[in-house]
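This briefing covers charged residues, their exposure and their pairing in a predicted model. The surface patches come before the overall dimensions and the salt bridges.

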Amino acid sequence: MSRCLAERAIDHVVLERGEVAHTWRTERWDSLRLLTPNWQSRLPGFGYSGDDPDGYRTVPEVIDFIAGYAKAIAAPVRTHTRVTSVRGGETGYLVRTDQGDWNCRAVVLASGACNIAQVPAFAGEAPSSIEQLTARDYRNPGRLAASGVLVVGASASGTQIANEIQRSGRPVVLSVGEHIRAPRVYRGKDLQWWMDAAGVLDERYDEVDDIKRARRVPSLQLAGTPDRSTLDLNALTAIGVKLVGRIAGIRGGTAQFAGSLRNMCALSDLKMGRLLDLIDEWARNNGIDDIVEPPQRLPPTRVEEAPPLGLDLTAGAIKTIIWATGYQPDYSWLELPVFDRKGAIRHDGGVVCLPGAYLIGAPFLRRRKSTLIDGAGDDARDLSAHLASYLDSGRARIVA
Ligand SMILES: Cc1cc2nc3c(=O)[nH]c(=O)nc-3n(C[C@H](O)[C@H](O)[C@H](O)COP(=O)(O)OP(=O)(O)OC[C@H]3O[C@@H](n4cnc5c(N)ncnc54)[C@H](O)[C@@H]3O)c2cc1C
């Protein structure tokens with residue numbers, strides 16, 4: 001957004017509570033690699049120029065990439081400046097920080113979509129002998145007790161964490177809710193390449209049937225490993241991970257699981273099949289069907305006949321629970337009348353319901369790819385154009 005505002009000669013400042021790329025410095029586990037290939041992290045005027053376009057960045061590489069971008073575009077970032085409140089002001093908005101106040105005509109909320117790890121309220125019912133972590137706090141298996149681990153959530157974070165913990169010798173039970181299975185490589189090309197080429201990632205927020213639902217869809221079960229292997233539930237059960245259904249509660253020291261595991265997996269297989277059908281159709285229609293490898297389908301997800309519906313957390317076999325159950329933003333500092341009944345910001349593709357206020361970096365904000373680093377560029381181009389015309393119209397006013 002800063003780069004796009006600068007292109008339009010709009011005077012601005014970027015306020016950051018930590019260092020540039022703060023979330024990547026402080027909120028990721030050690031072994032994480034991007035699940036998007038190097039070529040795919042395109043920021044305005046800044047592409048990948050290394051010799052491994054199909055590789056996946058490690059966390060230190062992501063930090064270098066984002067910090068390098070901020071430097072290359074000379075972004076006017078004020079680091080170690082925490083925004084403590086945003087409210088209506090004389091010029092439009094009054095932004096309070098721990099380093100002084102700012103008055104501005106327009107404000108862009110870019111504080112991230114994953115500030116808080118979501119944990120169900122019943123987590124408090126777990127026995128006190130169990131250590132509980134979220135995917136945001138988790139760093140590596142070596143920091144866990146040398147015992148069994150219950151990982152809750154089987155999307156990108158949960159499957160990656162379950163995989164490395166199981167491989168460390170700690171037996172993992174994985175609680176599986178709604179998830180989206182995906183092959184890493186399909187017909188010889190990265191799945192992200194297909195989704196990019198076929199326009200899946202460019203699908204717009206005003207084109208989908210149910211945008212509220214689309215914004216809640218979990219991340220694809222993908223991992224960016226050097227061997228480009230598929231990390232689905234079959235890969236996990238093959239190394240000994242035990243699958244159970246969606247966690248429904250903890251009562252009397254026992255974790256209780258829904259009996260829907262089989263259905264969840266069948267649904268996920270079905271959705272993967274639909275995505276691959278769409279890709280095959282696109283390949284046929286675009287003349288590359290004969291150039292790439294032939295279509296293939298993965299075998300159905302293997303689920304045991306009667307997966308357990310309960311797990312005794314007092315028996316000593318499980319000493320840790322890791323909640324990989326999604327994230328949510330933290331807008332506790334936002335003192336503007338912009339929230340709906342559920343506490344979400346009311347906006348139309350990032351144009352917030354108050355004049356001069358914008359949102360960026362939220363799932364499916366304007367396009368399916370808005371969730372990814374790669375989506376920021378197009379969203380920023382659109383929203384900076386809107387913001388520029390708002391400023392030109394001279395409509396800045398007191399908002400609250
Ligand atoms: C575990 C995980 C893995 C991911 N993997 C991928 C991937 O493989 N590929 C991909 O493309 N995307 C991935 N993403 C998504 C990616 O993180 C986002 O697309 C991208 O980071 C969004 O950038 P952002 O600047 O909008 O938000 P963030 O990176 O969250 O940055 C928000 C910034 O705002 C600052 N901030 C927050 N509150 C305040 C405040 N009150 N005052 C001042 N500053 C504040 C924070 O310190 C932070 O630096 C992943 C996300 C997670 C959580």
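Asp 54 sits in the loop between helix H2 (22-26) and helix H3 (59-72), and in this predicted model its relative accessible area of 39% makes Asp 54 partly exposed. Together with Asp 51, Asp 52, Glu 61 and Asp 64, Asp 54 forms a negative surface patch.

**Positive surface patch**
- Lys 212, Arg 216, Arg 341 and Lys 342 form a positive patch on the surface.
- Within this patch, Arg 341 belongs to the loop that runs between strand S20 (327-328) and strand S21 (347-348), and Arg 341 is exposed because its relative accessible area is 88%, where the cut-off for exposed is over 50%.

**Overall fold and dimensions**
- The protein contains nine helices and 23 strands, and its radius of gyration of 22 Å is close to the 21 Å given by the globule rule for 400 residues, so the protein is as compact as a globular protein of that length.
- Along the principal axes, the C-alpha atoms fill a box of roughly 65 × 60 × 40 Å.
- Of the 400 residues in the protein, 46% are buried.

**Salt bridges**
- Side chains of opposite charge can pair when their charged atoms come close.
- The count of salt bridges comes to 26.
- One of them joins Asp 374 to Arg 42, with the closest N and O atoms 2.8 Å apart; this pair links distant parts of the chain, 332 residues apart, since Asp 374 lies in the loop between strand S23 (357-359) and helix H9 (376-392) while Arg 42 lies in the loop between H2 and H3.
- Asp 374 is buried, with a relative accessible area of 6%, whereas Arg 42, at 32% relative accessibility, counts as partly exposed.
- Asp 379 and Arg 367 meet through their side chains in a salt bridge of 2.9 Å, N to O; Asp 379 lies in helix H9 and Arg 367 in the loop between S23 and H9, so this pair ties together parts that are 12 residues apart in sequence.
- Both partners of that bridge, Asp 379 and Arg 367, are buried.
- A salt bridge of 2.8 Å, N to O, also brings together the side chains of Asp 378 and Lys 369; Asp 378 counts as partly exposed at 22% relative accessibility, whereas Lys 369 counts as buried at 7%.
- Salt bridges with shared partners join Arg 187, Asp 277, Asp 280, Asp 289 and Arg 297 into one network.

Note on methods. Residues are numbered from 1 along each chain as its sequence is written. This is a predicted model: local features need pLDDT of at least 70, side-chain atom pairs count only at pLDDT 80 or more; totals for chains, interfaces and linings use all residues. Side-chain values use heavy atoms; hydrogens and water are left out. Patches are made of residues with over 30% relative accessible area and no salt bridge: like charges are joined within 9 Å, nonpolar side chains (Val, Leu, Ile, Met, Phe, Trp, Tyr) within 5 Å. Accessible areas come from the Shrake-Rupley method with a 1.4 Å probe; for residues, only the protein chains shown count as cover. A salt bridge is a side-chain nitrogen of Lys or Arg within 4 Å of a carboxyl oxygen of Asp or Glu. Lys and Arg count as positive and Asp and Glu as negative; His and the chain ends are not counted. The place of a charge is taken as NZ of Lys, CZ of Arg, CG of Asp or CD of Glu. Helices (H or I, at least four residues) and strands (E, at least two) are DSSP runs, numbered from the N terminus. Buried means under 20% relative accessible area, exposed over 50%, partly exposed in between (1.4 Å probe, protein chains only). The radius of gyration is taken over C-alpha atoms; the globule rule is 2.2 Å times the number of residues to the power 0.38.
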